[in-house]
Amino acid sequence: MRTRPAPAAPTRATPSATSAPAATEPGGGRLAGVATMVGSGLSNQTGAAIGSLAFPVLGPVGVVAVRQYVAALVLIAVGRPRLRSFTWAQWWPVLLLALVFGTMNLSLYSAIERVGLGLAVTLEFLGPLVIALASSRRRVDVGCAVIATAGVVTLMRPQPSTDYLGMALGLLAAVCWASYILLNRTVGRRLPGAQGAAAAAGVSAVMFLPIGIAVAVRHPPTAGAVACAIAAGVLSSAVPYLADLFTLRHVPPRAFGLFMSVNPVLAALVGMIGLGQGLGGPEWAGIGAIVAANALSMVTSRS
């Protein structure tokens with residue numbers, strides 16, 4: 001589950017991460033970059049799993065609210081936005097980005113509650129995959145789209161136990177992720193560094209402030225639930241964001257994007273091992289098809 005800034009295409013991006021130079025030095029730097037990618041992916045999905053443990057007390061809305069606060073603290077500390085100097089042409093994409101950011105996390109966490117971590121993250125992953133395939137006219141990408149579609153049909157095939165609302169929330173998260181990518185590109189062109197992403201995270205946190213207060217009043221949080229929500233924010237926002245900044249200095253963008261395609265598999269494994277959310281053969285086949293479509297598109301890409 002990727003609910004934090006990441007590379008703009010084919011995966012999620014912030015201006016600072018996108019602008020970080022990808023080093024090509026062999027040896028230790030490259031190995032360190034790969035190790036960081038592995039740690040980042042596991043941190044991201046582990047944070048989502050830990051956050052879901054707070055659902056019985058805080059619900060997805062409460063957990064997302066805490067996550068937004070953590071993300072805002074981290075991004076504002078890194079980006080240091082100069083809000084007073086923003087023009088309206090800079091503010092409107094930032095405000096839209098803040099709205100999409102909050103909706104994306106809320107729909108994803110709501111989907112996780114209903115259909116499990118692995119399926120929710122896989123459906124959300126369709127957002128950047130569609131952006132990547134839609135921008136291409138290559139025949140191989142048409143084939144990738146067919147493979148991904150087959151994976152989606154397999155995951156969403158009608159069954160007595162199918163949670164269509166959970167699936168719809170996962171697809172809403174995918175739409176939000178795609179919008180997030182496009183808006184991040186606009187923000188990145190109009191604001192230097194990570195100022196835009198930081199401002200958007202701050203606005204999103206302010207939007208969730210009354211929601212968090214309402215949740216706390218209606219469902220008094222326990223120390224354990226708050227700790228799980230904070231851990232989710234740190235592991236799924238702070239750690240991966242900082243890890244991406246380091247990784248993109250040592251690993252080529254194509255390799256970074258290729259590894260990011262493995263996140264649905266990591267989510268399914270973390271859900272199975274950490275939360276006992278087992279998947280059947282068809283579900284694994286659907287996840288594999290979507291991951292394979294993205295990997296094939298990345299491997300054959302010229303840019």
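**Close-up 1. Helix α3 bends by about 65 degrees at Val61.** This is a predicted model, and here we look at residues 55-79, which make up α3. With 25 residues, a straight helix would reach 36 Å at 1.5 Å a residue, but the end C-alpha atoms of α3 are only 31 Å apart. Just past the end of α3 sits Arg80, with a positive phi of about 45 degrees.

**Close-up 2. Helix α8 bends too, by about 35 degrees at Phe208.** A proline turns up within four residues after the bend, namely Pro210. The helix covers residues 195-218, 24 residues in total. From first C-alpha to last, α8 reaches 35 Å, close to the 34 Å expected at 1.5 Å a residue.

**Close-up 3. Asp163 and Arg114 form a salt bridge.** The closest N and O atoms of the pair are 3.1 Å apart. Asp163 lies in the loop between α6 (139-155) and α7 (164-190), while Arg114 belongs to helix α4 (residues 88-115), so the bridge ties together parts that are 49 residues apart in sequence. Side chains of opposite charge can pair when their charged atoms come close. Don't go hunting for others, though: the structure holds one salt bridge. As for how open the arginine is, Arg114 counts as partly exposed, at 42% relative accessibility.

**Close-up 4. Six side chains make a nonpolar surface patch: Trp88, Trp92, Leu95, Leu96, Leu99 and Met207.** Together they form a patch of about 580 Å². Helix α4 gives the largest share, with five residues. One α4 residue to pick out is Trp88. Its relative accessible area is 61%, so Trp88 counts as exposed.

**Close-up 5. Stepping back, the protein chain has 12 helices and zero strands.** Read along the sequence, the pattern is simply α-α-α-α-α-α-α-α-α-α-α-α. Of the 303 residues in the chain, 54% count as buried. The chain exposes about 12600 Å², and 71% of that comes from carbon and sulfur atoms. Contacts lean heavily on residues distant in sequence: of those with a separation of 6 or more, 89% are between residues 24 or more positions apart.

Conventions
Residues numbered from 1 in each chain as written. Predicted model: local features only at pLDDT ≥ 70, side-chain atom pairs only at ≥ 80, totals over all residues. Heavy atoms only, no water. Salt bridge = Lys/Arg side-chain N within 4 Å of Asp/Glu carboxyl O. Helix = DSSP H or I, 4+ residues; strand = E, 2+ residues; numbered from the N terminus. Buried < 20%, exposed > 50% of the residue type's maximum accessible area, 1.4 Å probe, protein only. Expected span 1.5 Å × (residues − 1). Bend = angle between axes of the 7 residues up to and from the residue. Contact = heavy atoms within 4.5 Å. Areas by Shrake-Rupley, 256 points an atom, 1.4 Å probe, with all protein chains shown as cover. Patch = residues over 30% accessible without salt bridge, like charges linked within 9 Å, V, L, I, M, F, W, Y side chains within 5 Å.
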